[in-house]
Amino acid sequence: MFRIGQSIDIHPLEEGRRLVLGGVEIDSSKGLVGHSDADVLTHAIGESILGALALGDLGSHFPDTDPAYKGISSMILLEHIYQLMKEQGYSIGNVDATILAEKPKIAPYIPAIRENLATALHTGLDQISVKATRGEKLGFIGRQEGMAAMAICLLERDPE
């Protein structure tokens, strides 16, 4: 049996904050704003898995009103989501994600991002796809006011 989940996550950018995508710190003067580390990519991937399992969204599992999650690494949240997935009897078939960001260039960081995500999800590197595209100076992405990430995942039922 297969299950498919998809998600999109959006965060504003702010000068002087760290930019973290897929658990990798990106060299940038602006970083994403959020209760956790605001890793928009990891949030989209985690929420796509939760969606595939019909387990709600990130906010229901990790509320931004809970001080325990203030500044937390989203990779820790993804590892928790992995445990929920295993408890339901599923494994990653594949993940396909896209980062939407005007700047900085994300391509040099993609190999390390894929490694981090594959490790957190206990799956092969060939099952994790991460791409990046620019906003072409259009909208909030193009004006460098924020970033977005989209993800889709296929989950496979573990053999009994």
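1. In which strand does I8 lie? The model under discussion is predicted, and in it I8 belongs to strand β1, which covers residues 2-15. With a relative accessibility of 46%, I8 counts as partly exposed, because that value falls between the 20% limit for buried and the 50% limit for exposed. I8 also takes part in a nonpolar patch on the surface, together with I10, F140 and M150. These four residues have about 350 Å² of accessible area together.

2. A second residue to consider with I8 is E47, which is found in helix α1 (residues 40-52). Leaving aside residues up to four places away in sequence, E47 touches S7, I8, D57 and L58. E47 is buried and yet has no salt bridge. Its nearest side chain of opposite charge is that of R3, 15 Å away. A salt bridge requires a side-chain nitrogen of Lys or Arg within 4 Å of a carboxyl oxygen of Asp or Glu; at 15 Å, R3 does not pair with E47.

3. The interior deserves a separate point. The largest nonpolar core has 46 residues, and the ones with the most contacts inside it are L21, L41, I45 and I49. The elements that give two or more residues to this core include the strands β2 (19-21), β3 (24-26), β5 (90-100), β6 (128-133) and β7 (146-157). Helices α1, α3 (74-87) and α4 (110-120) also give two or more residues to the core.

4. Which residues does I49 touch, not counting those up to four places away in sequence? The contacts of I49 are L78, I81, M85, I92, L121, C153 and L155. I49 is also one of the residues with the most contacts inside the largest nonpolar core.

5. Some points of backbone geometry should be noted. The peptide bond from K103 to P104 is cis, and its omega is near -5°. P104 is found in the loop between β5 and α4. Two residues that are not glycine have a positive phi: E136, at about 50°, and Q144, near 60°. E136 is placed in the loop between β6 and α5 (139-142), whereas Q144 is in the loop between α5 and β7. E136 counts as exposed, because its relative accessibility is 52%. Q144, at 24% relative accessibility, counts as partly exposed.

6. Side chains of opposite charge can pair when their charged atoms come close. How many salt bridges does the model contain? The count comes to six. One of them joins the side chains of R18 and E25, at 3.3 Å from N to O. E25 is partly exposed, with a relative accessible area of 49%.

7. Another salt bridge is formed by the side chains of D158 and K86, with an N to O distance of 2.8 Å. This pair links distant parts of the chain, since D158 lies in the segment after β7 and K86 in helix α3, 72 residues apart. D158 has a relative accessible area of 19% and is therefore buried. K86, with 29%, is partly exposed.

8. The side chains of R134 and E102 also meet in a salt bridge, again with an N to O distance of 2.8 Å. R134 lies in the loop between β6 and α5 and E102 in the loop between β5 and α4, so the pair ties together parts of the chain that are 32 residues apart in sequence. E102 counts as buried, because its relative accessibility is 8%. R134, at 37%, counts as partly exposed. E136, noted above for its positive phi, is linked with E102 and R134 in a network of salt bridges.

9. A final point concerns G71, whose place is in the loop between α2 (58-61) and α3. Which residues does G71 touch, not counting residues up to four places away in sequence? The contacts of G71 are H35, S36 and D37. G71 and T133 are 62 residues apart in sequence, and their C-alpha atoms are 27 Å apart in space.

Key
Residues are numbered from 1 along each chain as its sequence is written. This is a predicted model: local features need pLDDT of at least 70, side-chain atom pairs count only at pLDDT 80 or more; totals for chains, interfaces and linings use all residues. Side-chain values use heavy atoms; hydrogens and water are left out. Patches are made of residues with over 30% relative accessible area and no salt bridge: like charges are joined within 9 Å, nonpolar side chains (Val, Leu, Ile, Met, Phe, Trp, Tyr) within 5 Å. Accessible areas come from the Shrake-Rupley method with a 1.4 Å probe; for residues, only the protein chains shown count as cover. Helices (H or I, at least four residues) and strands (E, at least two) are DSSP runs, numbered from the N terminus. Buried means under 20% relative accessible area, exposed over 50%, partly exposed in between (1.4 Å probe, protein chains only). Lys and Arg count as positive and Asp and Glu as negative; His and the chain ends are not counted. Contact means heavy atoms within 4.5 Å. A nonpolar core is a set of buried Ala, Val, Leu, Ile, Met, Phe, Trp, Tyr and Cys residues joined through side-chain atoms within 4.5 Å.
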